[in-house]
Amino acid sequence: MFLAAPAAAQTVRPVIFEYGEKARGRFELVNDTLEPLNVVLDARSFTVSETGEISYRPLDPSIHLKLSTMSFRIPPQQSYLVFYEAWADKAPAWFVIYSNFTGYGFKTAEGMNIRLQLPHTVYLLPKQRVKKPAVAVRKAAYDAAAKKLVLRVENLSSDFGRCLAAEVTSRRNKITHNGFPMFPERPRQVEIAWESPEPPEKVTLRFADFTLEERVTAASQ
């Protein structure tokens, strides 16, 4: 049985890390249980859809990864450091290293063995990041019936970018939504819940070097 979400007793840190075009990094896996656990690493490439769903595939051959180990055992209540080097034939590039935990002393109610997967996501990024003129807000519409703002943003460039936060404001209220990556030449749609009785008026997208503001319109019925 696979568990996609981290259990309370095992963690990976950091979960995400952004490097330059070459990475020389490490991540730490923590086993807080009272039993030893086995770990097998698996590196995979991934694609994020317009609405944020992630699909995985074998690591692209254009990405080169050297791991200090592929499998190991973590004693009870101890941690383990994994070191790695990575580079790509062409940046930006990204991939994930999954740590597959096994060896739990219990099973599911159906008698299946437990296996936990924890991701460490790596971005290989050149110095050039997406610029303000290359980010277009295609839609910022409030659906009053569903009480949500539908935001559609497009990265028109071949550069990677990251929206650090999306702030939605009305005359008296403001909420801050988590940021999201902007992949090269890809749109991204985000839905933000809005519970205030008055409709939102403006959305502000904050990037590291610039901000974008867009008036919110009413969604067409």
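**Figure 1. Strand 17 pairs with strand 18.** In this predicted model, strand 17 covers residues 202-206. Five bridges link strand 17 to strand 18, and the pairing is antiparallel. One position to look for is leucine 205, whose bridge partner in strand 18 is leucine 212.

**Figure 2. An open sheet is built from four strands.** The strands follow the order 15-14-17-18, with antiparallel pairing. Strand 15 (174-182) and strand 18 (211-215) are the edge strands. Each of these two pairs on one side only. On average, neighbouring strands in the sheet are turned by 20 degrees against each other, direction ignored.

**Figure 3. Glutamate 167 sits in strand 14.** Strand 14 spans residues 161-169. Glutamate 167 counts as buried because its relative accessibility is 12%, below the 20% limit. Which side chain does the side chain of glutamate 167 meet in a polar contact? That partner is arginine 206, at 2.9 Å. Beyond four places in sequence, glutamate 167 touches Lys174, Ile175 and Thr176. Lys202, Val203, Thr204 and Arg206 are also in contact with glutamate 167.

**Figure 4. Histidine 177 belongs to strand 15.** Is histidine 177 buried or partly exposed? With a relative accessibility of 27%, histidine 177 counts as partly exposed. Its contacts, leaving aside neighbours within four places in sequence, are Ala165, Ala166, Val190, Glu191 and Ile192. Take isoleucine 192: it lies 15 residues from histidine 177 in sequence. In space, the two C-alpha atoms are 7.0 Å apart.

**Figure 5. Strand 10 pairs with strand 5 and with strand 11.** Strand 10 is mostly covered, with nine of its ten residues buried. Seven bridges join strand 10 to strand 5 in the antiparallel sense. Here tyrosine 98 of strand 10 stands opposite aspartate 42. Strand 11 also runs antiparallel to strand 10, and nine bridges hold this pair. In that pairing, asparagine 100 faces glutamine 117 of strand 11.

**Figure 6. The largest nonpolar core contains 25 residues.** Phe27, Leu29, Phe101 and Leu124 touch the most other members. Several strands give two or more residues to this core: strand 4 (22-31), strand 5 (37-48), strand 8 (71-74), strand 9 (78-88), strand 10 (93-102) and strand 11 (115-124). Apart from this core lies another, of 23 residues. Among its members are Ala140, Val168, Val203 and Val216.

**Figure 7. Phenylalanine 27 and the residues it touches.** Residues up to four places away in sequence are not counted here. Phenylalanine 27 touches Val12, Arg13 and Pro14. Its other contacts include Leu41, Tyr80, Leu81, Val82 and Tyr84. Ile97, Ser99 and His120 are in contact with phenylalanine 27 too.

**Figure 8. Model confidence along the chain.** The chain has a mean pLDDT of 92. A pLDDT of 70 or more is reached by 96% of its residues. Among the elements of the chain, strand 7 (residues 63-67) has the highest mean, 98. Strand 1 (residues 2-3) has the lowest, 40. Over residues 1-8, pLDDT stays under 50. For that stretch the model has 16 contacts beyond four places in sequence. Where pLDDT is low, predicted coordinates should not be read in detail.

Conventions. Residues are numbered from 1 along each chain as its sequence is written. This is a predicted model: local features need pLDDT of at least 70, side-chain atom pairs count only at pLDDT 80 or more; totals for chains, interfaces and linings use all residues. Side-chain values use heavy atoms; hydrogens and water are left out. Two strands pair if DSSP finds at least two bridges between them. Axes are lines fitted to C-alpha atoms, for helices over the stretch in contact, and angles run from 0 to 180 degrees between N-to-C directions. pLDDT is the predictor's confidence in each residue, from 0 to 100. Contact means heavy atoms within 4.5 Å. A nonpolar core is a set of buried Ala, Val, Leu, Ile, Met, Phe, Trp, Tyr and Cys residues joined through side-chain atoms within 4.5 Å. Buried means under 20% relative accessible area, exposed over 50%, partly exposed in between (1.4 Å probe, protein chains only). A polar contact is a pair of N or O atoms within 3.5 Å; within protein, one must be able to donate a hydrogen and the other to accept it, and residues adjacent in sequence count only if both atoms are side-chain atoms.
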